[in-house]
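Dear colleague,

Please find below the structure that I am handing over to you. My findings follow directly after it.

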Amino acid sequence: PLDIAFVKNTSEGIGIVAEGLRWRVGDNVVTAEDEYPANLYPWMNLAERGVELRRVPSREGRISLDDLRSAIDGHTRLVSLSFVEYASGFRNDLFAVGQMCREKGVLFFVDAIQGLGVLPLDVQQMPIDFLAADGHKWLLSPEGAGLFWLRREWIDQLHPVGIGWNSVLDSRNFSHVEFRLKPHAGRWESGTLNVGGILGLGASLELLLAIGIEAIAERVLYLTDYFCERCRQAGLQVYSSRRPGEASGIVSVLVDDVGAVVQRCREAGIVVNQRAGRLRVSPHAYNSIEELDHLVAQIGAGS
């Protein structure tokens, strides 16, 4: 737990690293072209310090390890990728990417918000250096409470940003002022935290762990496989990769007039979204086959 800090959201966790690394002019960061903006703007903000952001295009919704490797050179300091891409649902092979980064002496940051809570992930077994995720997606918790994790060896290598009264040792001894930062991730918990949100996050984690993340992943992949098959039967084109190891809880579907489809589904009590001009469907373990059948019927209702 000393390697974890509570943060407001994924963006704050990314910012801790983006603003904390000691950059050199000519450094670069490698990411995917289609990343969520939270994983783009913090790195773009480094341009005035001479840091380049290299965005690797996807190929039919898939991010190639070879393409990532080709983008890395001797000036690459960090690769930053999502666990699961928010628009396509593509699940990156974190172990393979992390191993490549280790071989090249490059740091690896993971935006885990679209996978944490629904797909197994053990940071101790993965070659990951930093990870951040908000709790309000698959972790089923309130907004405004998230997690930032970093490998212990990097704590003193990051310039501490966002420092406050709670960042130091003996922080409750307010009359004794001594600038000794906590020797763990708690130094980034700068002040009063979102206690209500964190309690909600804790309750959600207890629920998910009681069920078991492996069981949740099996259920969600079963549901999304079923939904993809029903889409094919209905003549709908699934954009997302469903290859083993690449499938996730997000399914992207090509539909005509996606905005109208989203609105029709909302009116029928079904919450879906549009991302990158496509319909995004993301059932959790509590959803049912019957609900997915109802969704497919609503998608086709306008044709």
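**Salt bridges, domains and cysteines**

D27 counts as buried, with a relative accessibility of 3%. Please bear in mind throughout that the model is a predicted one. The partner of D27 is R24: the two form a salt bridge in which the closest N and O atoms lie 3.8 Å apart. That distance falls within the 4 Å allowed for such a pair. R24, at 49% relative accessibility, counts as partly exposed, because the partly exposed class runs from 20% to 50%. This salt bridge therefore joins a partly exposed arginine to a buried aspartate.

Side chains of opposite charge can pair when their charged atoms come close. Over the whole structure, the search returns 16 salt bridges. Another of them links R54 and D73, with 2.8 Å between the closest N and O atoms.

I turn next to the domains. The chain is divided into two parts, domain 1 covering 4-209 and domain 2 covering 213-301. Their centres, taken over C-alpha atoms, are 28 Å apart. On the side of domain 1, 21 residues are in contact with domain 2, where 25 residues take part.

The size of an interface is often given as the accessible area lost when the parts come together. For domain 1 and domain 2 this buried area is about 1,900 Å², and 59% of it is on carbon and sulfur atoms. Within domain 1, the residues that lose the most area to domain 2 are R62, R91 and W138, which together account for 28% of what that side buries.

Which residues form the salt bridge with a distance of 2.5 Å from N to O? The side chains concerned are those of R62 and E246. Across the interface of domain 1 and domain 2, the rule finds 1 salt bridge. Polar contacts between the two domains amount to 9 residue pairs, with both residues at pLDDT 80 or more. Sorted by class, the side of domain 1 that touches domain 2 comprises 11 nonpolar, 5 polar and 5 charged residues.

Finally, the cysteines. How many disulfides does the rule give? The count comes to 0. For C231, the nearest cysteine sulfur belongs to C228 and is 6.2 Å away, and C231 is in no disulfide. A disulfide requires two cysteine sulfur atoms within 2.5 Å, so a separation of 6.2 Å does not qualify. C231 has 0% relative accessibility and counts as buried. C265 is likewise in no disulfide, the nearest cysteine sulfur being that of C231 at 11 Å. C265 also counts as buried, at 0% relative accessibility.

With kind regards

Definitions and conventions. Residues numbered from 1 in each chain as written. Predicted model: local features only at pLDDT ≥ 70, side-chain atom pairs only at ≥ 80, totals over all residues. Heavy atoms only, no water. Domains from an automatic or database assignment. Contact = heavy atoms within 4.5 Å. Buried area = accessible area lost by both parts, 1.4 Å probe. Polar contact = N/O pair within 3.5 Å; in protein donor to acceptor, adjacent residues only side chain to side chain. Nonpolar A, V, L, I, M, F, W, Y, C, P; charged D, E, K, R; others polar. Buried < 20%, exposed > 50% of the residue type's maximum accessible area, 1.4 Å probe, protein only.
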